[in-house]
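Subject: The structure you asked about

Hi,

Here is the structure I promised to pass on. Have it open while you read, and my notes on what turned up follow right below.

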Amino acid sequence: MIPNLTEQDIALMSRIETALENHEFKAYYQPQYDSITGRLVSAEALARWIKPDGSVVSPAEFIPCAEKTNLILEIDWCILYEVCRFLKKRRTENHRCVQIAVNFSRKHITEEGFRQKLCEIVDSYEVPRELIEVELTESAMMHDSSVIVELVSDIRSYGFNVAIDDFGSGFSSLGLVKDISANVLKIDRSLLSGNCENEKERIVLESIFAFAHRLKLTTIAEGVETREQLGFLRTCDCRLIQGFLFAKPMPEDQFGEACSKRVIDDYNEDILVTQAPASATTLLMEAIFEKFPLVIMANLTRNSYYMMAYENFSATSCPSTGVFDELIIHGTATMHPDDQELFKTTFSIDNLIAAYNRGEKYVKTVTRQIGDDGIYRKVETTDFFVKNPSVDDVLVVTLCQNLE
Ligand code: C2E
Ligand code: MG
Ligand code: MG
């Protein structure tokens, strides 16, 4: 027996049960577009209850009751079946298929056999798993975190994509986003109030996109309704756009046509014209990281540093942030014994500040450093002196590259 059910809930529950038996729940599809090219690249499946008289009931009217009564589990599976059937049909008919996101209530987190059922359904339709994205709402993250971290990691390891839905709608735990191996972050439309003109709101959004991109998450903005919102989201490098500006959720046939059409007609713009400085900067940084996999920012006056790029460098044993002197001690220990003195004296704070005071633009040296794999490689380390207009501190950007 389920507690707290009103008489209305009980009546609706039995109507939902009948509707499930009669296959009245259908998936509507809302396309998701690449923010720069305007190409339709994926979609979200949203449940609709189509009554025998053809009227369409929206989720707001049945999801709350379905959540209370656990019927949501059946509705979600039913939508997954619908999506798989649709994708299988498209594949059989050689039509273009795009990735589809399916909403899963937090109730699935404790559903027995969830993982197996997910794989079995998708595999039984011979749908490639990467075409399915499992959407878990942010509020699901409030569940016992170790359980959800493990669940998401398992689902990813089976080959599905996982999105955190409604991010920013109220229950965010930034720490959890860091621990969960989801690969997509859906920014809730409540963060896009008006035309994104409010300065504080813009800063919040910019920061969310910046941290999401650093965590290598694909970003989707939901509920985009205006050109102004789109313009601002592009400057944040938001990857995908879902919203009434481009398309509302639509029935299967209509979505199939939209999928085949590919490009929104008036959207065929030159990427450089639409590219905002933020996205250009991101591209530039990526090009720099390609050549210099270790980039360090240091403040010699304050004896501090942090690493901007590090993951792909051959040696990763130094802490990625901390005291500059200690970094040099760490770094020296990773050098070939014959190069240790050279490294230590070249990059001591005293030597660097003296070079800065002589007006030198940079200090550069080549040493042999042992990698994580135990192999010595020649590394070129260049410390560039840079100015920040708001302080007199002596700042340095270090670029390191492996020469062999
Ligand atoms: P959601 O998963 O965050 O889905 C996005 C909702 O935003 C959809 O509402 C969509 O129609 C709406 N939306 C998209 N673009 C715009 C826009 O530009 N402006 C406005 N005002 N709204 C926009 P919908 O289809 O009514 O679904 C509402 C919620 O119901 C969904 O939010 C999701 O939480 C839940 N839901 C829908 N289908 C399912 C399902 O199959 N399973 C589960 N568990 N929940 C579902
Ligand atoms: Mg969703
Ligand atoms: Mg959402």
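The magnesium ion (ligand 2) has four protein donors: Glu-44 (OE), Asn-103 (OD1), Glu-135 (OE) and Asp-165 (OD), at 2.0 to 2.2 Å from the ion. Do keep in mind that this is a predicted model. If you want to find these donors in the sequence, look for the spacing E-x58-N-x31-E-x29-D. Glu-44 sits in strand S2 (residues 40-50) and Asn-103 in strand S4 (residues 99-104), so this pair, 59 residues apart, links distant parts of the chain. Are these two side by side in terms of burial? Let me put it properly: which class does Glu-44 fall into, buried or exposed? Glu-44 counts as buried, because its relative accessibility is 3%. Asn-103, with a relative accessible area of 22%, is partly exposed.Now for the other metal. The magnesium ion (ligand 3) is held by Asp-165 (OD), Asp-166 (OD) and Glu-222, which appears twice through OE, at distances of 2.0 to 2.5 Å. Along the chain, the spacing of these donor residues reads D-D-x55-E. Asp-165 is in strand S6 (residues 161-167) and Glu-222 is in strand S8 (residues 218-222); the two are 57 residues apart and tie together distant parts of the chain. Both Asp-165 and Glu-222 are buried.

Which residue bridges the magnesium ion (ligand 2) and the magnesium ion (ligand 3)? That is Asp-165, and the two ions lie 4.0 Å apart.

While you are looking at S8, have a look at Ala-221, which is found in that strand. Ala-221 counts as buried, at 1% relative accessibility. Setting aside neighbours within four places in sequence, Ala-221 is in contact with Ile-187, Leu-233, Cys-238, Leu-240, Ile-241 and Gln-242. Phe-209 is 12 residues from Ala-221 along the chain, and their C-alpha atoms are separated by 9.9 Å.

On to the overall layout. The protein divides into domain 1 (7-276) and domain 2 (292-402). Taken over C-alpha atoms, the centres of domain 1 and domain 2 are 44 Å apart.

The largest nonpolar core has 80 residues, and Ile-16, Leu-80, Val-83 and Phe-255 have the most contacts inside it. Helix H3 (residues 71-92) supplies the largest share of this core, 11 residues. What does Leu-80 touch, leaving aside its neighbours within four places in sequence? Its contacts are Val-102, Phe-104, Leu-118, Ile-121, Val-122 and Ile-132. There is also a second, separate core of 25 residues, which includes Leu-294, Cys-318, Met-335 and Phe-343.

Then there is an open sheet of 6 strands with antiparallel pairing, in the order S12-S11-S10-S15-S14-S13. Why do strand S12 (321-323) and strand S13 (362-370) each have one side without a neighbour in the sheet? They stand at the edges and have a single partner strand each, so one side of each is left free of a neighbour. On average, and with direction ignored, neighbouring strands of this sheet are turned by 25 degrees against each other.

A few details from one end of that sheet:

- S10 and S11 pair in the antiparallel sense over 5 bridges, and Val-295 stands opposite Ala-309 in S11.
- These two strands form a hairpin with 4 residues between them, and Asn-303 in the turn has a positive phi of about 60 degrees.
- Strand S11 (residues 304-309) also pairs with S12, again in the antiparallel sense, over 3 bridges.
- Tyr-305 has Gly-322 in S12 as its bridge partner, while Ser-304 is matched with Val-323 in S12.

Two helices go with this sheet. Helix H12 (residues 324-333) packs on it and touches strand S10 (294-299), S11 and S12, with a direction at about 105 degrees to that of S12. Helix H14 (residues 349-357) lies across S13 and strand S14 (376-386), and runs at about 50 degrees to S14.

If you only have a minute, go to Asp-165, which bridges the two magnesium ions.

Cheers

Key. Residues are numbered from 1 along each chain as its sequence is written. Chains are lettered from A and ligands numbered from 1 in the order in which they are written. This is a predicted model: local features need pLDDT of at least 70, side-chain atom pairs count only at pLDDT 80 or more; totals for chains, interfaces and linings use all residues. Side-chain values use heavy atoms; hydrogens and water are left out. Donors are N, O and S atoms within 2.8 Å of the metal (3.2 Å for Na, K and Ca); water is not among the atoms, so sites may look incomplete. Buried means under 20% relative accessible area, exposed over 50%, partly exposed in between (1.4 Å probe, protein chains only). Two strands pair if DSSP finds at least two bridges between them. Axes are lines fitted to C-alpha atoms, for helices over the stretch in contact, and angles run from 0 to 180 degrees between N-to-C directions. Contact means heavy atoms within 4.5 Å. Domain bounds come from an automatic or database domain assignment. A nonpolar core is a set of buried Ala, Val, Leu, Ile, Met, Phe, Trp, Tyr and Cys residues joined through side-chain atoms within 4.5 Å.
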